[in-house]
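The following exercises concern strand pairing and helix packing. Please work through each solution with the structure in view.

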Amino acid sequence: MCIFAENNHIMNPVKIIEIKKSVFADNNADADALRRELKARGVYLLNLMSSPGSGKTTTLIRTLSLLKDRLRIAVMEADIDSDVDAVKIKEATGIPSIQLHTGGMCHLDAEMTRQGLAGVDLPELDLVVLENVGNLVCPAEFDTGAVRNAMILSVPEGDDKALKYPLMFSVCDTVVINKIDVLPYFDFDLEKCREHILRRNPKARIFPLCAKTGEGVEAFADWLYGEVLSWKNTQNR
Amino acid sequence: MHELGIVFYIIKDVKEAAEANGVQKVSAVVMNIGEVSTVVPEYLTDCWRWAADKEEMLRGCELKVNLLPAVSYCESCQCEYPTVQYGKTCPNCQSDRTYLLKGNEVEIKEIEV
């Protein structure tokens, strides 16, 4: 990895050590290793991202309520501080939820995810949902080791969000459009939004729903259920 | 502010490289940062100052940033164009069938010791 080259300046000799290494290389390797471990255990890890206030926690409560009798689930809530989200999920669904504190950091990486997973009962689980820190920039850079990245975009945020945060939309192949009950009150063009997302990621699956009323949640829950089953069923191949 | 997280990764890699080469003190770290990497060089150097000074080996060590241009490629007309100026749409033929060739780098180029 390191090549020694010497600069022969007599008064002030400076040695240059060439490194040429991506800063994300270690994390990417760590994330791949974590994914392989999860595959061997038959545990599906979903990395859920969004901006603050898009309704991640409410969407999770609705979705997981539909799945909790069919799958063994745990939730890891990542925030800079507080445990309000973990408490809310546990109270509303009875699903075990733990709170991860990032210590001021705006994202989770694979190592932090691994530490979080050590706090849940992995052998007894089918699905772990990681609710990443509310942020559309930084979490997109760091592979957590999740099987899939999903993000939530809510109607009040605007239909042009995919244009402003291209990386987030290119790493997420599943996009939930939340709060569709307020569509009549916003200049939000659902078709245009779909177009913008597909432009960033032609393979994206899009689920318009309203976590508050429950509209459209079943389609998202059914998709997630199918994902978990196929991940588990192909585990030994 | 993912720059702080990135700085922690840089520190880890630089310390490893320095130890592997038997170096006690690093005077500068040179980074290659692509224009569309989402890393803001000013934030990176600010975070670097704060974090590097906590490490004996890196106290006073300078972080130098080479900003690399972003270039996209158009599959429709096979041309290359500057990404920052034109984004996803090819300025030559207006196609959206384009992808980034380079400009996404967040890479440690070398260290000076």
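**Exercise 1.** Determine how many bridges join strand β3 of chain A to strand β6 of chain A.

*Solution.* Five bridges join β3 (residues 44–50) to β6 (residues 127–131) of chain A, and the two strands run parallel. Strands here are DSSP runs of E of at least two residues, and helices are runs of H or I of at least four, numbered from the N terminus. Two strands pair if DSSP finds at least two bridges between them. Within β6(A), L127(A) is the bridge partner of Y44(A).

The model is predicted: local features need pLDDT of at least 70, side-chain atom pairs count only at pLDDT 80 or more, and totals for chains, interfaces and linings use all residues. Residues are numbered from 1 along each chain as its sequence is written, while chains are lettered from A and ligands numbered from 1 in the order in which they are written.

**Exercise 2.** Place these strands in their sheet and identify which strands stand at the edges.

*Solution.* The open sheet of chain A has seven strands in the order β5-β4-β6-β3-β7-β8-β9, with parallel pairing. At its edges stand β5 (97–101) and β9 (205–208) of chain A; each has a single partner strand, so one side of each lacks a neighbour in the sheet.

**Exercise 3.** State which residues make the contact between α2(A) and α8(A).

*Solution.* First, α2(A) passes α8(A) in a right-handed crossing (the near helix is turned clockwise from the far one by less than a right angle). Next, the contact (C-beta atoms, placed from the backbone, within 7 Å) involves R62(A), T63(A), L66(A) and L67(A) of α2(A). From α8(A) come V217(A), E218(A), F220(A), A221(A), L224(A) and Y225(A).

How values were computed. Two residues are in contact if their C-beta atoms, placed from the backbone, lie within 7 Å.
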